[in-house]
Amino acid sequence: MLIVMGCNDDDRNLTLPSHSIVESSHQYAGNAVQVNQEISFADVSHGVVSRTWSLPDGVAATILKLDKDVSNREAIRQALSNRDNLTEEEIENLESQLRIGDETLLPSFDEPILKLSFPEAGIYELTVIQEFEENPFIRNEIEPTDSNIVETVFIITVSDPIRFTNVQGTFLNSDGSLGETFNVTNNALAQVEAGQTVRYTFDVSGAVDEININADGGIIVPGSLVNNPELGNGMVDIKYNGLSNYDLTLTAYKIEPDSDRSITFTNAITVVPSSAPFILTGAIIEQMDERISIPFNGEFASIAGDVSTNFTVKLFDQANTFVKNLNIATITNNADNLTLLDITLSEPIYSTDNIKVSYDGNASLESTDTRTPEAFTDQPVAMYAPNLANNNIADGVTTNWTIVDPNGAYEISTEQAFTGDTSIKITKNGESGNFRIRTPFGATVSIDLNKQYVTRARVYIDPTVATPGGLKIHSLGSAPWWGINQNLSNINKGEWVMLERIIPFPKNSYTNFDIRVDGTSDTIIYIDDIYIGEYEVRP
């Protein structure tokens, strides 16, 4: 569709050179809009003799009126933004107030402004061809073009409005399998047992960039929120512990064009007492302040009285020989998570301790849904031992390595992994010299020179190749270095082996981290679970 617009002589600015400038109302957003959202183009050029706006044949576009009453136009657009609450007749009536007579033709305006919208998602080209009195300058160019005809093409990306549909919940069984599925609706009060997890799935249009979930007191399982903008769907797992009714709110965000949309299901879930036994669930862990937190599959009611005599905290040596009972000071509800009981001891504990906890099942404890916790015996405590190597280094997933000594190659591999899915694979060629890679810690690591530290790593040597001469895993700010310095000639091939070195740090800060493989034979080695931390020893 084409329209040629002429300019009167009186409109020409004869004191300025010809200059081509065409602006878009959404150029800041890459000319991205939603279906039926207005986008405007304005030719603010100097010296234009004529201009032609065109869209490809067959493109359906709605040409909008140049309504002088801007407030009226904005009020109509605001009403249309809430189209989910409008009937089809109401939508058509509002849209007709924005349209001119023939939606298939670009209008003939004396004003060099075009306003339009698109009823369907897609990528569209809008072309404007300008004829000038003389060869014009284009935008900020310092030399004029070699023709008095300028063609400008705008790429307009139109996406569907953000909208959530087909929201469903599926119960997750204790073994991780999927159970019954239900539709999520207002006031459905779908019954969920305390401690149970629901997997919510939903369709979301608009190719959104981000999705947020308000679980109304439910616990979003870490890592479970998934947004698939290409597929137009997502999912999240939410665990419910307390007896109550719960809402669910889904919010989607889009950067270009800037928009968001929320949907709330009121009283979607009601949590009822669980039919499952009230048992220890997950690992017992030491917190940073030396509290020992014990997780159960439900929330505890407030503890009344002293229950410390019903728990035992035992210290074992590294050979699992009993050493002594550790004295319990208090047992309390965790302030932030009622599924946890916190044990505070009256004596210090150390990161290298081998500690186990038992419960006799006879304390006056119960869950908020009136279940009684079951006994357990000698369950190990995962001691607090923060890793100074950031997670991407520790888990073998960072790709931010620089090759320092080039006798080989590295990659992030899924061929072998001790934990997770990946490890660092190093292929050392047979040339003399070493192969070394380096990555920044991400932040300077500060060291207490009065403490000892330990460096650990898991290594796997490919059994089909030669054994490398040595492996060094250490930090490098400047010499001296610290870390693993291991001759690998006696390491078993074809299995994961733990390497460890305990050493005082010679410097008080480090910024980089190195892995170096020595030897004169072709070899392949995998490295995973790198750990650097304080090495505490019980006096």
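**Exercise 1. Find out what joins Lys-324 to Glu-347 in this predicted model, and classify both residues as buried, partly exposed or exposed.**

*Solution.*
Step 1: Start with the side chains. Those of Lys-324 and Glu-347 meet in a salt bridge, with N and O 3.0 Å apart.
Step 2: Place the two residues. Lys-324 belongs to strand β25 (residues 322–326), while Glu-347 lies in the loop between β27 (340–345) and β28 (354–359). The pair is 23 residues apart and links distant parts of the chain.
Step 3: Check the accessibility. Lys-324 has a relative accessible area of 32%, so this residue is partly exposed. Glu-347 comes in at 18%, and the cut-off for buried is under 20%, so Glu-347 counts as buried.

**Exercise 2. Do the same for Arg-199 and Asp-237: where do they sit, and how accessible is each?**

*Solution.*
Step 1: This is another salt bridge between side chains, at 2.8 Å from N to O.
Step 2: Here both ends are in strands: Arg-199 in β15 (residues 196–205) and Asp-237 in β19 (residues 233–240). They are 38 residues apart, and the pair links distant parts of the chain.
Step 3: Arg-199 has a relative accessible area of 25%, which makes it partly exposed. Asp-237 is buried, at 7% relative accessibility.
Step 4: For the wider tally, a search of the whole structure turns up 19 salt bridges.

**Exercise 3. Work out the surroundings of Asp-518, beginning with its strand and ending with its contacts.**

*Solution.*
Step 1: Asp-518 is part of strand β38 (residues 509–518).
Step 2: With a relative accessible area of 16%, Asp-518 falls under the 20% cut-off and is therefore buried.
Step 3: Look for charged partners. The side chains of Asp-518 and Arg-516 form a salt bridge (2.9 Å, N to O). Arg-516 counts as buried too, at 18% relative accessibility.
Step 4: While you're on salt bridges, pick out a network: Asp-405, Arg-436, Arg-438 and Asp-514 are joined into one by bridges that share partners.
Step 5: Now the polar contacts of Asp-518. Its side chain makes one of 3.0 Å with the side chain of Lys-472, and the pairing with the Arg-516 side chain also appears as a polar contact, at 2.9 Å.
Step 6: Widen the view, ignoring neighbours within four places in sequence. Asp-518 is then in contact with Lys-428, Asn-434, Pro-468, Gly-469, Gly-470 and Lys-472.
Step 7: Finish with the backbone. The C-alpha atoms of Asp-518 and Leu-471 are 6.3 Å apart, although their positions lie 47 residues apart along the chain.

**Exercise 4. In what order do the strands of the eight-strand sheet run, and which strands form its edges?**

*Solution.*
Step 1: Trace the order: β25-β24-β28-β29-β22-β23-β27-β26, in an open sheet with mixed pairing.
Step 2: Find the strands that pair on one side only. Those are β25 and β26 (328–333), the edge strands.
Step 3: For the twist, the average is 30° from one strand to the next.
Step 4: Zoom in on one pair. Strands β22 (residues 284–286) and β23 (residues 292–295) are antiparallel and share two bridges. Ile-285 has Ser-293 in β23 as its bridge partner.
Step 5: Pick a residue in β24 (residues 311–316), namely Lys-314. Its side chain and that of Asp-378 are joined by a polar contact of 3.1 Å. Setting aside neighbours within four places in sequence, the contacts of Lys-314 include Phe-322, Asn-354 and Lys-324, the last of which you met in Exercise 1.

**Exercise 5. Describe the five-strand sheet: its order, its edges and its twist.**

*Solution.*
Step 1: The strands of this open sheet follow the order β31-β32-β39-β34-β37, and the pairing is antiparallel.
Step 2: The edges are β31 (408–413) and β37 (497–504), each of which pairs on one side only.
Step 3: Ignoring direction, neighbouring strands are turned by 25° against each other on average.
Step 4: Take β34 (residues 452–461) and β39 (residues 523–534) as the worked pair: they run antiparallel and are joined by eight bridges. Arg-458 stands opposite Asp-528, which is in β39.

Conventions. Residues numbered from 1 in each chain as written. Predicted model: local features only at pLDDT ≥ 70, side-chain atom pairs only at ≥ 80, totals over all residues. Heavy atoms only, no water. Salt bridge = Lys/Arg side-chain N within 4 Å of Asp/Glu carboxyl O. Helix = DSSP H or I, 4+ residues; strand = E, 2+ residues; numbered from the N terminus. Buried < 20%, exposed > 50% of the residue type's maximum accessible area, 1.4 Å probe, protein only. Contact = heavy atoms within 4.5 Å. Polar contact = N/O pair within 3.5 Å; in protein donor to acceptor, adjacent residues only side chain to side chain. Pairing = 2+ DSSP bridges. Axes fitted to C-alpha atoms, helices over the stretch in contact; angles between N-to-C directions.
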